[in-house]
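Reader: I have the sequence and the model open side by side, and I'd like to go through them with you. Could you start with the strands and then move on to the interior and the open spaces?

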Amino acid sequence: MRNYTTQMDAARKGILTPEMKIVAEKEYMTTDALMQLVAEGKVAICANKNHTCLNPEGVGSMLRTKINVNLGVSRDCKDYDIEMQKVMSAVNLGAEAIMDLSSHGNTQPFRQKLTSECPAMIGTVPIYDSVIHYQRDLATLTAKDFIDVVRLHAQDGVDFVTLHCGITRKTIEQIKKHKRKMNIVSRGGSLVFAWMSMTGEENPFYEYYDEILDICEEYDVTISLGDACRPGCLADATDVCQIEELVRLGELTKRAWAHNVQVMVEGPGHVPLDQVAANMQVQKSICMGAPFYVLGPLVTDIAPGYDHITSAIGGAVAAMSGAAFLCYVTPAEHLALPNVEDVKQGIIASKIAAHAADIAKGIPHARDIDDKMAEARQKLDWEAQYQCALDPETARAIRDSRSPEDDHSDTCSMCGKFCAVRSMNKALAGEYIDIL
C-alpha cells in the first residue's frame, strides 16, 4: 500500500518511489538529489496513480528538457484512429508527453485509451471537455460541473491538467482597459473569460481551487497552471495582463505545494527573441523555481506554415534560460489541425531545440550523441551517422535519392571527390588524393 499521496509528499517524507528511481537513472542523478528537488517543487514527476503503463519522466530546468505534443479530435477532424496513430508516432519520435485537447465527440474512451496504452505523460484541459461531456452550452454550466470534470479526468488516469486559475474578474477589466492587439488567445482562457462574462461569477478554477487541490492530491495529478493571458503576438508580450496573471500563478503555486500537489507553470506564447530569457528569469523568481512549460515561444508573427521553426528558435533560448518543458508547435499552427506529417515536423523541431538547450546548459551526457556523430562523419560511416540521427529515415532517404557515383561512394553528392573529410583522411594516411 502507498503510504504517501503524491510524489511531492513522498519526497518530503523521505520515501523513494519507483518513479523517482527511474527518473534519477534517466537523468544521471542521485536519488537523494532528485528527491530534494521534488520536495522543493523544482522538479515535477507527473504520475497519476491510475496511469499504470506510464514510463515516468521528471520535468525541471536542471533535467533534460522535455517536449509535449498536443493532439485530439475536433469537429472538423473526428477520426480517433488517426489521432492514435499520431500519438504512437509522437512517442516513437521521443515525445515525453501527450496532451489530449479533444473538443468533439465522446472524449472519455479516447482519454482512457491513452492512459491505458500510452507510456508518455498524459495531460488534458478539463474546461474543453466540460461542454462536450455535458453537451450543454458554456453559459449553462456551473462551477460544480467544471470541478466534476476535473475529478473525472483524474479518475481516468490523467497525469497533469491545465487549469486557467489565474484569470479572474479583475482580468476582464484589464483586457478591456489595456486593449491588447490579440486579446486572449488561450482557448481555455477565452472559455473561462466567456463564462465569467456571461454569468457574472468568479472563475470557478480560482474560487474552488482548494477543492481542486484535494482531487489532485488524491490521484497525484500535477496542476499545470494555464497562462490565459499569454501573448498571442509580439506586441502583447510581457505586458501588464501577462505579468499580473503570472504573479497570481506564483501565489497559487505556493497553495498547491502546501497540499503536496505538484505544479508546472505555463508560459508564452509569442515573444520577441530579446525578451525570451528575461521572461524565463521573471517566472523563476515569481514562481520560486517551479517548472516552466512554454508554448514555443514564437519569435515572429509572420511565418504561418513555418511556425515549427519560429518556435524552435524561441524554445532553444527559453530552455537554455530556464524553461523545463516545451510544447511543440507544428507547421499547421494558426492554420489547421496538424496531420501526421505536421506532427512529425513539430516534434523534430522541438527535439532539436530541447537538445541544443541541454547541451548549452551542460546537462550530463547531453552531448554524447553529437560526439558519436562527429566520429561517424570523420570515418564517412553512413550507417553509423543514421544511427545517431534524430530522424534516420529522412537522412537516409535524402542521401539515397541523390547518391554519389561509384568511384566516390564513400562521400556525398555535394562535394564528391572534393570532400574535405575524404581528402584529410587520405592525406593523414599518406595516400594519393585523386580529385578528377
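Author: Strands β4 and β5 (residues 222-225) pair in the parallel sense over four bridges, where pairing requires that DSSP finds at least two bridges between two strands, and helices (H or I, at least four residues) and strands (E, at least two) are DSSP runs numbered from the N terminus. This is a predicted model, in which local features need pLDDT of at least 70 and side-chain atom pairs count only at pLDDT 80 or more, while totals for chains, interfaces and linings use all residues. Residues are numbered from 1 along each chain as its sequence is written, and side-chain values use heavy atoms, with hydrogens and water left out.

Reader: Which residue in β5 is the bridge partner of Leu163?

Author: The partner of Leu163 there is Leu225.

Reader: And how does β3 pair with β4?

Author: Strand β3 (residues 121-124) runs parallel to β4, with two bridges between them, and Gly123 stands opposite Phe160 of β4.

Reader: Which way do the residues of β4 point, and are they buried or exposed?

Author: In β4 (residues 160-163), Phe160 and Thr162 point one way, Val161 and Leu163 point the other way, and all are buried, buried being under 20% relative accessible area, exposed over 50% and partly exposed in between, with a 1.4 Å probe and protein chains only. In a regular strand the side chains alternate between the two faces of the sheet.

Reader: Moving inward, which residues have the most contacts inside the largest nonpolar core?

Author: That core has 113 residues, and those with the most contacts inside it are Val69, Ile98, Phe160, Phe205, Ile223, Leu225 and Val265; a nonpolar core here is a set of buried Ala, Val, Leu, Ile, Met, Phe, Trp, Tyr and Cys residues joined through side-chain atoms within 4.5 Å. Helix α15 (residues 340-361) gives the largest share of this core, seven residues.

Reader: What does Ile223 touch?

Author: Leaving out residues up to four places away in sequence, Ile223 touches Val161, Leu163, Tyr209, Ile212, Leu213, Cys216, Val261, Gln262, Val263 and Met264, contact meaning heavy atoms within 4.5 Å.

Reader: Now the empty space: how many cavities of 30 Å³ or more are there?

Author: There are four cavities of 30 Å³ or more, and the largest has a volume of about 70 Å³. On a 1 Å grid over the protein atoms alone, a cavity is a set of points where a 1.4 Å probe fits but cannot get out, a pocket is an open set with protein on both sides within 12 Å along at least five of seven lines, and lining residues have an atom within 4 Å of a point. Grid points are joined across faces, edges and corners, and a volume is the space filled by probe spheres set on the points.

Reader: Which element gives the most to the lining of the largest cavity?

Author: Helix α12 does, with four residues, and the lining of this cavity includes Asp227, Arg230, Glu245 and Phe292.

Reader: What about the largest pocket, which residues lie nearest its centre?

Author: His355, Ile369, Cys388, Ala389 and Leu390 lie nearest the centre, out of 46 lining residues. The pocket holds about 1300 Å³ of space, and α15 gives the most to its lining, with 10 residues.

Reader: And the second largest pocket, what is its volume?

Author: Its volume is about 1100 Å³. Among its 46 lining residues, Asn70, Leu101, Arg230, Leu295 and Glu333 lie nearest the centre, and β7 supplies the largest share of the lining, three residues.

Reader: Changing topic to the backbone, where are the cis peptide bonds?

Author: One cis peptide bond joins Pro268 and Gly269, with omega about 20°, and Gly269 is in the loop between β6 and α13 (273-286). Another joins Gly296 and Pro297, with omega about -5°, and Pro297 lies in the loop between β7 and α14 (307-320). Most residues other than glycine have a negative phi, and most peptide bonds are trans.

Reader: So what is the phi of Asn183, and why does Asn183 count as partly exposed?

Author: Phi of Asn183 is near 50°, a positive value in a residue other than glycine. Asn183 counts as partly exposed because its relative accessibility is 39%, and its place is in the loop between α8 and α9.
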